[in-house]
Amino acid sequence: MQFNCINLVIYAHPMPKLSVFWLFILTNLFSSSTMAQVRRDTTIVLKAITGLQFDQPRLVIKPNTRLRLVLHNTDDMAHNLVLTKPNSRLRVVEFALALGERGPKLDHVPPMPEVLAHTRTVDPGNADTLTVTLTEGAYPYVCTYPGHGSIMYGVLYVVDNAKRLPPLDADPNVPNRSGSEDHAHHAQKAPDHPYSVQLPAVYRTFMPDCSPAAIAVGLPAVGTGPEQSYCWDAGTCRLRYAWAGGFVDNGEQWEGKGQRLTKIVGDIYYREQTEFPFQTAAGKPKPDVRFRGYRLVNRYPEFQYSIGAVTVRELIKPVAKGRGLIRTFTFDKLTEPLTFAVADDGMRYQTSLGPVTKGSVRIPAGTRQFTVTMSTL
């Protein structure tokens, strides 16, 4: 049998130069488009404002955006900004409260995987920035400064189509800022919290009969005394009232109704009746009083404020028997005498500088520390 052999010759022709040119152009256009999606940059300024809130409760960006999120603190208290994984805000707030004395060194941010990024603690008038790149999702942001996390929060949506988001007033991930006229002062039921509360506890919240800068503090029972609590007003730098029998019911704040007044659990036994307890010498103008923040001392808040040129630190603890408080004032640069005024309010007052005479106690210049023990009769 004879086979015919066919010699197949394949010639490799070079691609025309024009085709190579267009392939190069198309490849670069595709690459540029892809890089534009990955490296989309944006900067958003988020303000901490009066009323324990951010000026924007909801932010929206595209996936894979490199976001510079700036926290500008225009409030009169320190704040931070913590960005968490989805559905992790309350857990992060819980762990932040548990930091105790370690809190200030860590900017009140717990070291845990649920925290994606955070700023440092930002004092009034200052700013700080965090930078992240995120995939699609809903990422809560919150201030974890002690007492703030229950109502000072918002959500960052990373989505391609913002039209799919719920209306702002129906969004379960943002605080309800519609307000309420619910001014109930007492709630005779167990406090409503998403986790157990360890006393002392500090909440920055909206309290009845106080400025928007209220701070509620729950105190542990000491000796034979009951659990006690008090409301301190950072707007006016003074103790407003104290109560016994429980702490607060923050249920509506946990549900996102942030501007409703927190309900008191227990009975109020003391109300401050003076305009401001510290007074200067007669004939001198009333000094300017400014709140400077607070720090935690064994979980008890020590408030700092200035009276003119004098810096005052105030630490409040419960008495060991019955209902009452021990208020310790520490002064820096007290170059002129002050008086501490008390009202005829049915309380018993004892001071480290002697008895109360005609409704006041004189504090001599140079005094470093002054203690007032107030208890029910």
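Which residue takes a positive phi in the hairpin of E18 and E19? In this predicted model, the residue is asparagine 298, with a phi near 55°, and the hairpin has 2 residues between its strands.

**View 1. Strand E19 pairs with E18 through one hairpin and with E20 through another.** Strand E18 (residues 289-297) and E19 are antiparallel and share 8 bridges, one of which is seen where phenylalanine 291 has tyrosine 305 of E19 as its bridge partner. Toward strand E20 (residues 310-318), E19 pairs over 6 bridges, again in the antiparallel sense, and here serine 306 is matched with threonine 311 of E20. The hairpin of E19 and E20 also has 2 residues between the strands, and within that hairpin glycine 308 adopts a positive phi near 65°. Of the 8 residues of E19 (residues 300-307), 7 are buried, so the strand is largely enclosed by the rest of the structure.

**View 2. Tryptophan 232 is among the residues with the most contacts inside the largest nonpolar core.** That core has 70 residues, and Leu156, Tyr230, Phe278 and Phe331 stand beside Trp232 in the list of those with the most contacts inside it. At least three residues of the core come from each of domain 1 (41-170) and domain 2 (201-375). A second core, separate from this one, has 12 residues, including Ala201, Ala214, Tyr241 and Ile264. Leaving out residues up to four places away in sequence, tryptophan 232 touches Phe291, Phe303, Tyr305, Glu314 and Ile316, among others, and its contacts also include Ala213, Ala214, Ile215, Cys237, Arg238 and Leu239.

**View 3. Strands E17, E22 and E24 form an open sheet of 3 strands with antiparallel pairing.** The order is E17-E22-E24, and strand E17 (278-279) and strand E24 (360-363) stand at the edges, where each has a single partner strand, so one side of each is left without a neighbour in the sheet. E17 pairs with strand E22 (residues 338-341) over 2 bridges in the antiparallel sense, and phenylalanine 278 has phenylalanine 340 of E22 as its bridge partner. Phenylalanine 278 also belongs to the largest nonpolar core, where it is one of the residues with the most contacts.

**View 4. Threonine 274 lies in the loop between strand E16 (267-271) and E17.** With a relative accessible area of 12%, threonine 274 is buried, and its side chain makes a polar contact of 2.3 Å with the side chain of glutamate 272. Apart from its neighbours within four places in sequence, threonine 274 is in contact with Arg238, Ala341, Val342 and Ala343.

**View 5. Helix H2 (residues 89-97) has four buried residues, Arg89, Val92, Val93 and Ala96.** These residues cover an arc of only 100° around the axis, which puts them on the same side of H2. Strand E5 (82-84), strand E6 (115-118), E8 and E9 are among the elements that cover the buried residues of H2.

**View 6. Threonine 144 lies in the loop between strand E8 (137-142) and strand E9 (153-158).** Threonine 144 is buried, having a relative accessible area of 5%, and its side chain reaches the backbone oxygen of histidine 108 at 2.6 Å. When residues up to four places away in sequence are not counted, threonine 144 touches Val92, Val93 and Ala96, as well as Asn80, Val82, His108 and Val109; Val92, Val93 and Ala96 are also among the buried residues of H2.

Definitions and conventions. Residues numbered from 1 in each chain as written. Predicted model: local features only at pLDDT ≥ 70, side-chain atom pairs only at ≥ 80, totals over all residues. Heavy atoms only, no water. Buried < 20%, exposed > 50% of the residue type's maximum accessible area, 1.4 Å probe, protein only. Polar contact = N/O pair within 3.5 Å; in protein donor to acceptor, adjacent residues only side chain to side chain. Contact = heavy atoms within 4.5 Å. Pairing = 2+ DSSP bridges. Core = buried A, V, L, I, M, F, W, Y, C linked by side-chain atoms within 4.5 Å. Domains from an automatic or database assignment. Arc of directions from axis to C-beta.
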